[in-house]
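This report goes through the charged side chains, the domains and a few backbone details of one protein. The sequence and the structure are shown first.

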Amino acid sequence: MKEGAPGHGCGHNMFGAASLGAAVAIKELIAAGKIKGTVRFYGTPAEEDREGKVWMAKAGLFDDVDICFDWHPAAENKANIQSSQAVTHYMIEFKGKSAHAAADPWNGRSALDGAELFNVGINFLREHVKPSVRIHYVYKAAGNVPNVIPDTASVWLWIRDSKRTGVADVEKRMMDIAKGAGMMAGVQSKVTIISGLYEILVNETGAKAMQSNMDAIGPITYTKEEIDFGNNIMKEYGKEQLGIDGHIFPLEATRPDPDGGSTDVGDISWIVPEVGLTATTAPAKSPWHSWVVVACGGMSIGHKGLLFASKSLATTMCDMFENEQLRKDIRAEFEKRRGTERWKAILPDVMPPIE
Ligand SMILES: [Zn+2]
């Protein structure tokens, strides 16, 4: 490990090493003639904002895969059985006419008025959406100086729900609100879809296979130093000190509405059955996207979780290579859950934005 190297508040610095470890183990088994098949390791960049996997999926990179495996750092060891939220990102742009705000404001049409009225409408809409819906926004442009009526303004808005169909319902209302806000302010309004993600299509058969391997590997144990470190950093952060939870949770039932948050793994799970896990890389009840996760992910606490993930992935992959019936059952469940709906990338028709 490089001294002073960057970590990641969501533990993404550990993704590659654990997944590559599993892929190399399988490659060696194939090379030794112990299992037959192909293993492919995917490096998938830009998960947090640009949805790298969606661009890769759009290019067809997952089309010939039988089963896809993934993992995510967490404060708990769990086989993946919960879904995630579908989300769409929008840019709402308003175009008006600038004028001197004191000398002749009647000649101006404020794009900022349009943006503000839009958000007033969005905030009134909140009363009438389902509890599973989340709507959040920021102003990307809101004028430059108070004495010039802004001729451009824009709002970056995200709509999430448990299912893509739920996002589509709210989207329709949002489109009307954008139109209405533009009319009220006497400006033009335009809604552009930037990108979007699908909810995860859960696969219980795959999750059960993962669970049995996690159980066989057994819980992660920690030294006194590691537990002290975890407790101290939680204390520093102002959170309860509960040690580190290395035990393996039993397989849960899939909740109808997932916890808040979205992932580009969702899109992959509509193309190919997805099997995965979370592994403990941080203290119990860690505040995610925080320094606690960064610090623990760069030391032995994180490394133990990484190794546990790697072993769980590799052993479950072995099962898939060896057990044709298991592969068939996973596929059958996937087809049943997917039904007639087919994945389509929610992306503009352009090349990936590689800055
Ligand atoms: Zn993450």
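## A salt-bridge network

In this predicted model, a network of salt bridges links Glu76, Lys78, Glu252, Arg255 and Asp259. One pair in the network is Lys78 with Glu252, whose side chains meet at 2.7 Å, N to O. The two residues lie 174 positions apart in the chain, so the pair links distant parts of it: Lys78 belongs to strand 2 (residues 78-79), and Glu252 sits in the loop between helix 6 (224-237) and helix 7.

The partners also differ in their exposure class. Lys78 has 19% relative accessibility and counts as buried, because the limit for that class is under 20%. Glu252, at 28%, counts as partly exposed.

## Salt bridges within helices

A search of the whole structure finds 14 salt bridges. Side chains of opposite charge can pair when their charged atoms come close. Among the 14 salt bridges is the one between Lys224 and Asp228, with an N to O distance of 2.6 Å. Both residues are in helix 6, four residues apart, which means that about one helical turn separates them. Lys224 is exposed, with a relative accessible area of 58%, while Asp228 is partly exposed at 30%.

Arg337 and Glu333 form another salt bridge, at 2.7 Å from N to O. They are also four residues apart, here in helix 10 (residues 324-338), and so about one helical turn lies between them. Arg337 is partly exposed, with a relative accessible area of 37%. Glu333, by contrast, is buried, at 13% relative accessibility.

## A buried aspartate without a salt bridge

Which side chain of opposite charge is nearest to Asp267, and how far away is it? It is Arg164, at 6.6 Å. Asp267 is buried and has no salt bridge; the cut-off for a salt bridge is 4 Å, and therefore Arg164 does not qualify as a partner.

Asp267 is located in helix 7, which covers residues 265-268. Its side chain reaches the backbone nitrogen of Tyr198 at 2.9 Å. Leaving aside residues up to four places away in sequence, Asp267 touches Val54, Gly196, Leu197, Tyr198 and Trp343. Tyr198 thus appears both as a residue that Asp267 touches and as the owner of the backbone nitrogen that the aspartate side chain reaches.

## Two domains and their interface

The protein is divided into domain 1, made of residues 12-84 and 201-338, and domain 2, made of residues 86-197. Domain 1 is therefore written as two stretches of sequence, with the range of domain 2 falling between them. The contact between the domains takes 12 residues from domain 1 and 11 residues from domain 2. Taken over C-alpha atoms, the centres of the two domains are 37 Å apart.

Between them, domain 1 and domain 2 bury about 810 Å², of which 48% is on carbon and sulfur atoms. How many salt bridges and how many polar residue pairs cross this interface? The rule finds zero salt bridges there. It does find three residue pairs in polar contact, with both residues of each pair at pLDDT 80 or more.

## Positive phi in one loop

Most residues other than glycine have a negative phi. Lys285 has a positive phi of about 60°, although it is not a glycine. Lys285 lies in the loop between strand 7 (274-280) and helix 8 (291-297), and is exposed, with a relative accessible area of 62%.

His289 is also not a glycine and has a positive phi, of about 55°. His289 is found in the loop between strand 7 and helix 8. At 54% relative accessibility, His289 counts as exposed, because that class begins over 50%.

## Overall make-up

The protein contains 10 helices and seven strands. Its C-alpha trace spans about 80 × 50 × 40 Å along the principal axes. Of the 355 residues, 48% are buried.

Contacts in the protein often join positions far apart in the chain: among those between residues at least 6 apart in sequence, 82% join residues at least 24 apart. The salt bridge of Lys78 with Glu252 likewise links distant parts of the chain.

Conventions. Residues numbered from 1 in each chain as written. Predicted model: local features only at pLDDT ≥ 70, side-chain atom pairs only at ≥ 80, totals over all residues. Heavy atoms only, no water. Buried < 20%, exposed > 50% of the residue type's maximum accessible area, 1.4 Å probe, protein only. Lys, Arg positive; Asp, Glu negative; His and termini not counted. Polar contact = N/O pair within 3.5 Å; in protein donor to acceptor, adjacent residues only side chain to side chain. Contact = heavy atoms within 4.5 Å. Buried area = accessible area lost by both parts, 1.4 Å probe.
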